[in-house]
Amino acid sequence: MPSRLFSIFLYPVVALYSILLPKDISDLIKSDLRRWTQWQNMPSDMASFVHLFSRLKEFRTVVYKRLGWRKAPVYWIWRPQDHCCIACDHVGPGLIIQHGYSTVVCAESIGRDFHVNQCVNVVWNQDKRCRIGDNVTICAAAVVVGGVSIGNNVTIGAGAVVVKDVPDNSLVVGNPMRIIQR
């Protein structure tokens, strides 16, 4: 982890990125920052961004996902979370990766306010990838097998194995999965 001295150098880099980034990418990063700072009970400002970016690999992974190829100037100093892959073309605002080690999410689309824990596998099945709705939380060690739709306001419990569609406002637990309506 880079020393705290390196954090000082982040301020001009963040200022430069905020000027040069396209508005849609900048808005997504700001939305992610708001969600992270609410979750961490911090103010949503540049100092919080620098704090989160310099200290949490999971937050860097989210930012790098948003930046795409633009991450190159800072990627080699501040590394992302090891063994964490979010392979999805459309990821809505408010993405949180909590302890993202050994997490793989390969989805067709991910809605707003997606929260994922460690050791989660959202994988495809043949050519089918899953669709994840808004306000979804997937807890540690859960597995979602491709081709399923996960509705809005869904929590998938730790260790659950999801093999069929999950309706809105549900809690999924167990292996084999059981859907509990809220």
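**A walk through the predicted fold**

Strands S13 and S14 run antiparallel and are joined by 4 bridges. Everything described here comes from a predicted model, and this pair of strands makes a handy place to start. Within the pair, Leu171 has Ile180 of S14 as its bridge partner, while Val173 is matched with Arg178 of S14. S13 also has two faces to look at: Ser170 and Val172 sit on the covered face, and Leu171 and Val173 on the uncovered one.

The turn between these strands has a couple of quirks. The hairpin of S13 and S14 has 4 residues between the strands, and there Gly174 takes a positive phi near 85°. Pro176 also lies in the loop between strand S13 (170-173) and strand S14 (178-181). Asn175 and Pro176 are joined by a cis peptide bond, with omega at about 10°. As background, most peptide bonds are trans, and most residues other than glycine have a negative phi.

S13 has another partner as well. S11 and S13 run parallel, and 2 bridges join them. Here Ile156 is paired with Val172 in S13. That residue of S13 belongs to the covered face, along with Ser170. Ile156 turns up again in the nonpolar core, described next.

The largest nonpolar core holds 49 residues, and the ones with the most contacts inside it are Ile132, Ile138 and Ile156. H4 supplies the largest share of this core, 5 residues. What does Ile132 touch, not counting residues up to four places away in sequence? The list runs to Val105, Ala107, Ser109, Ile110, Gly111, Phe114, Val122 and Ile150.

Helix H4 (residues 57-67) deserves a closer look. In this helix 9 of the 11 residues are buried, so H4 is largely enclosed by the rest of the structure. The buried ones are Glu58, Phe59, Arg60, Thr61, Val62, Val63, Tyr64, Arg66 and Leu67, a list in which charged residues such as Glu58 and Arg60 appear beside nonpolar ones such as Phe59 and Val62. Right after H4 comes Gly68, with a positive phi near 60°.

H4 also packs against H3. Generally speaking, two packed helices are described by the angle between their axes and the distance between the axes. For H3 and H4, the axes come within 5 Å and cross at roughly 105°. An angle from 65 to 115 degrees counts as roughly perpendicular, and H3 and H4 are therefore roughly perpendicular to each other. On the H3 side the contact is made by Phe49, Leu52, Phe53, Ser54 and Arg55, and on the H4 side by Lys57, Phe59, Arg60, Val63 and Tyr64. Sorted by type, the residues of this contact are 6 nonpolar, 1 polar and 3 charged.

Gln81 links another stretch of the chain to H4. This residue lies in the loop between helix H5 (72-75) and strand S1 (84-87). Is Gln81 buried or exposed? With 13% relative accessibility, Gln81 counts as buried, because anything under 20% falls in that class. Leaving aside neighbours within four places in sequence, Gln81 is in contact with Lys57, Glu58, Thr61, Gly100 and Tyr101.

Two asparagines stand out for their backbone angles. Asn41 has a positive phi of about 60° although it is not a glycine, and Asn153 likewise has a positive phi, about 55°, without being a glycine. Where do they sit? Asn41 is in the loop between helix H2 (23-40) and helix H3 (46-55), whereas Asn153 is in the loop between strand S10 (149-150) and strand S11 (154-156). Asn41 counts as exposed, at 74% relative accessibility, since the bar for that class is over 50%. Asn153, with a relative accessible area of 28%, is partly exposed.

Last comes Trp124, found in the loop between strand S6 (121-123) and strand S7 (130-132). Leaving aside neighbours within four places in sequence, Trp124 is in contact with Cys106, Arg129 and Gly146. How far apart in space are Trp124 and His51? From C-alpha to C-alpha they are 35 Å apart, and 73 residues separate them in sequence.

Key: Residues numbered from 1 in each chain as written. Predicted model: local features only at pLDDT ≥ 70, side-chain atom pairs only at ≥ 80, totals over all residues. Heavy atoms only, no water. Buried < 20%, exposed > 50% of the residue type's maximum accessible area, 1.4 Å probe, protein only. Contact = heavy atoms within 4.5 Å. Core = buried A, V, L, I, M, F, W, Y, C linked by side-chain atoms within 4.5 Å. Axes fitted to C-alpha atoms, helices over the stretch in contact; angles between N-to-C directions. Parallel < 35°, antiparallel > 145°, perpendicular 65-115°, else oblique. Pairing = 2+ DSSP bridges.
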